[in-house]
Each structure stands twice: as structure tokens, then as C-alpha cells.
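Here are my notes on the model you sent. Please read them with the structure open.

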Amino acid sequence: MAGIQIPPDESDVSLQQQLLTRVTGAGNLVSDDERSVAADSWSIKSDYGSILDDEQRHADAAEALSFGNFHTASDYSSDKEEPDPEALTSMLGFQSYWDSAYANELANFREHGHAGEVWFGVDVMDVVTSLTKSLCIEISQVQMPNLVDDTTSELVEQGDKCLSEWSVLDIGTGNGILLQELAKLGFCDLTGIDYSEAAIDLAQSLAVHDGFSNIKFLVDDVLETKMERQFQVVVDKGTLDVIGLHPDGPIKRVIYWDSVSKLLAPGGIFVITSCKSTEDELVQEVETYSQRKIKATRHPENPKDQEGCRDPPFKYYSHVRTHRTFMFDGVVESRVATVAFLRN
């Protein structure tokens with residue numbers, strides 16, 4: 001999805017310069033061998049759960065692409081060893097970029113106490129947290145019929161109290177600020193994962209500094225997740241966008257939805273925020289994924305087992321669209337869509 005080409009303001013130019021600086025300056029890129037060593041080191045440190053077979057997972061995802069058109073967010077060719085100079089910010093699709101970026105932010109926090117940038121801005125984060133809270137309260141009230149005769153104020157009060165019972169997972173948590181904001185709203189069982197160890201170090205440091213030491217942070221790649229636990233709420237703010245910037249973006253997006261469907265408990269809420277996909281595009285991508293899952297559950301030896309006989313993994317629930325001009329992947333973006341899905 002190409003962003004609307006409008007002149008950025010000073011803050012947008014500053015953000016673009018920061019991104020380019022991280023890639024070309026202090027954020028030195030690492031080689032494939034170094035990334036392999038880092039991945040091996042990470043797999044040793046993240047010793048919970050089991051490791052999936054990469055070749056099988058990619059094969060399954062590649063096969064899944066034949067069932068429909070998945071959104072492609074990168075023009076890279078996977079046989080390129082280095083990116084074109086004009087497309088340096090597409091390095092956002094690589095872990096090496098984020099390792100370098102968060103290492104810089106971690107050093108900046110330790111030296112100056114700066115928390116780093118809020119992805120998509122504070123306004124969008126407020127929309128995400130407010131929507132997550134309202135959806136959890138809404139679903140909790142439906143599940144508590146004894147509250148029907150209560151006044152509105154009592155419903156809201158009891159709804160706020162129920163937030164502590166909702167477990168939340170933030171995918172690609174970065175500096176973890178989103179989870180801090182959810183904690184302020186009343187959520188207690190909060191976990192953040194990120195494949196960058198520097199990001200997790202920064203998130204943990206900020207959480208302790210700001211008085212939120214109860215928030216759990218783990219080094220974990222959602223595409224190769226070792227998490228065995230399921231959560232009632234899963235939140236993604238920009239992670240799918242970044243995954244789509246990788247040369248293997250289409251395949252990785254299929255793997256992504258597989259992972260989310262396993263991490264989200266039945267009846268849970270998935271809240272995803274994107275600047276690269278519209279509401280309609282996200283809904284279509286989920287529907288295409290659901291069709292693949294339904295076909296995978298059919299029994300070819302039973303002709304009566306028709307397509308659609310099983311519920312799809314996700315069901316569209318709600319959406320919010322916010323507007324804010326900023327630079328992403330070298331393009332000026334002016335829309336952000338937040339969409340909520342229910343896990344069947």
C-alpha cells in the first residue's frame with residue numbers, strides 16, 4: 001500500500017532522519033553469519049517451549065499462498081544480498097535493524113533517561129488502549145448477565161474491575177510503553193514479546209523505572225514462538241507491517257496468522273494496528289487465512305464434509321481509523337487502521 005504523498009512536517013523529517021541514521025550510521029548492519037550466531041544465542045536464552053521446524057513451517061506457508069492473494073508489502077527480491085540505496089528504510093523488515101535501533105535507544109535511556117519513540121505516536125497508542133479496554137468490558141458484561149439490572153455507573157465500575165482478569169500479550173512490544181498504558185487502565189496480567197533482546201532489555205528497564213515491574217517481558221519471535229500459553233487479548237501495533245517488509249513477507253504473513261491463532265485463547269480478542277493495510281485489506285487477509293484453515297480440516301475421504309462446516313479461526317468484531325501524518329518505510333503515511341477480531 002503506497003502512502004499518500006504529502007509534505008511531511010518537521011517531526012516527520014526528523015523521524016525519517018532517525019531511521020536512516022540507524023541503518024547507515026550508528027546502526028551498523030550485521031552479516032548473515034552474525035545474524036545466525038545471534039539467533040543461536042537467542043534460542044539458548046529462550047528455553048521455554050519447543051522449536052518449530054523452519055523448513056516445514058515455510059513449506060506450509062508457501063502452500064497456503066495458493067489459496068488466495070496475501071498482501072505483499074515489499075518489492076525486494078529475496079536473492080538480493082544488499083538493499084538498493086533508495087530503499088534503505090526497508091531494512092525495517094530485518095531483525096538486525098531493530099537490534100541496532102533498540103541498542104541505541106537502550107544506551108540513550110541509560111545515559112539520558114529517554115524512553116524512546118512511541119510507534120505511530122501517542123495519539124494512536126491511546127486509541128489502541130482505549131479500544132482494548134472498551135472491548136474487554138463489553139465482552140465481560142455480556143458474560144455477566146446478573147449485571148443487566150444494574151445502573152450504568154455500576155456496570156462501568158464492575159467492568160473496570162474485570163480488566164484485571166484479562167491476560168494480555170503484546171507482539172513486538174518494543175519499549176513496552178503500550179503495556180504500561182494498559183496497566184494504568186487496570187490490566188494486571190501483561191506480557192510483552194520481541195525478537196530483539198535489546199528491545200526487551202529496554203522494556204524491562206523502563207518498566208522498573210516507571211513502577212511497572214509486574215509486567216513480564218520475554219525474548220520471543222512471533223513467527224517462531226516458543227510460548228505455550230494462550231492469552232485472552234493479543235495486541236499488535238505495527239509488527240505485521242514490519243514482517244511484510246521482509247523479502248519473504250508474503251510467506252511470513254501466513255506464518256504470523258498461524259502463530260496468532262495459537263496464542264489467542266478461544267473467545268479472546270485480537271487488536272491489530274497497521275499503517276500499511278486498510279481495514280478492508282486486513283479483513284480480507286484474515287478471511288483468506290480462515291478459508292485455508294477450513295480447507296485443511298476437511299476430510300477428503302468423506303464427501304459430505306463440505307467446505308465451511310467448521311468455524312473460521314477469527315471473526316471480525318470492530319475497527320477504528322485514526323489519521324496522523326508520519327514517515328514509514330520511506331513513504332509518507334496518513335492513515336492508521338486499528339481492527340479487532342474475535343477468536344472462535
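The points below go from the whole chain to one helix and then to the cysteines.

1. This is a predicted model. The protein has 344 residues, and 49% of them are buried. Its secondary structure comprises 11 helices and nine strands.

2. On the surface, the accessible area is about 16500 Å². Carbon and sulfur atoms account for 49% of that area.

3. Long-range contacts deserve a mention. Take the contacts between residues at least 6 apart in sequence: 76% of them join residues at least 24 apart.

4. Now look at helix α7, residues 177–185. Is it mostly covered or mostly open? It is mostly covered, with seven of its nine residues buried. The buried set runs through Ile177, Leu178, Leu179, Gln180, Glu181, Leu182 and Ala183. Note that Gln180 and Glu181 are on that list beside the leucines.

5. What covers the buried residues of α7? Both helices and strands contribute. The cover includes the helices α5 (122–142) and α8 (197–209). It also includes the strands β1 (167–171), β2 (189–194), β3 (216–219) and β4 (231–237).

6. Check the backbone just after α7. There, Gly186 adopts a positive phi of about 120°.

7. How many disulfides does the structure hold? The count is zero. Two cysteines are worth a look for their exposure. Cys188 has a relative accessible area of 42%, so it ranks as partly exposed. Cys275 has 1% relative accessibility and therefore counts as buried. The cut-off for buried is under 20%.

Note on methods: Residues are numbered from 1 along each chain as its sequence is written. This is a predicted model: local features need pLDDT of at least 70, side-chain atom pairs count only at pLDDT 80 or more; totals for chains, interfaces and linings use all residues. Side-chain values use heavy atoms; hydrogens and water are left out. Buried means under 20% relative accessible area, exposed over 50%, partly exposed in between (1.4 Å probe, protein chains only). Helices (H or I, at least four residues) and strands (E, at least two) are DSSP runs, numbered from the N terminus. Contact means heavy atoms within 4.5 Å. A disulfide is a pair of cysteine sulfur atoms within 2.5 Å. Accessible areas come from the Shrake-Rupley method with a 1.4 Å probe; for residues, only the protein chains shown count as cover.
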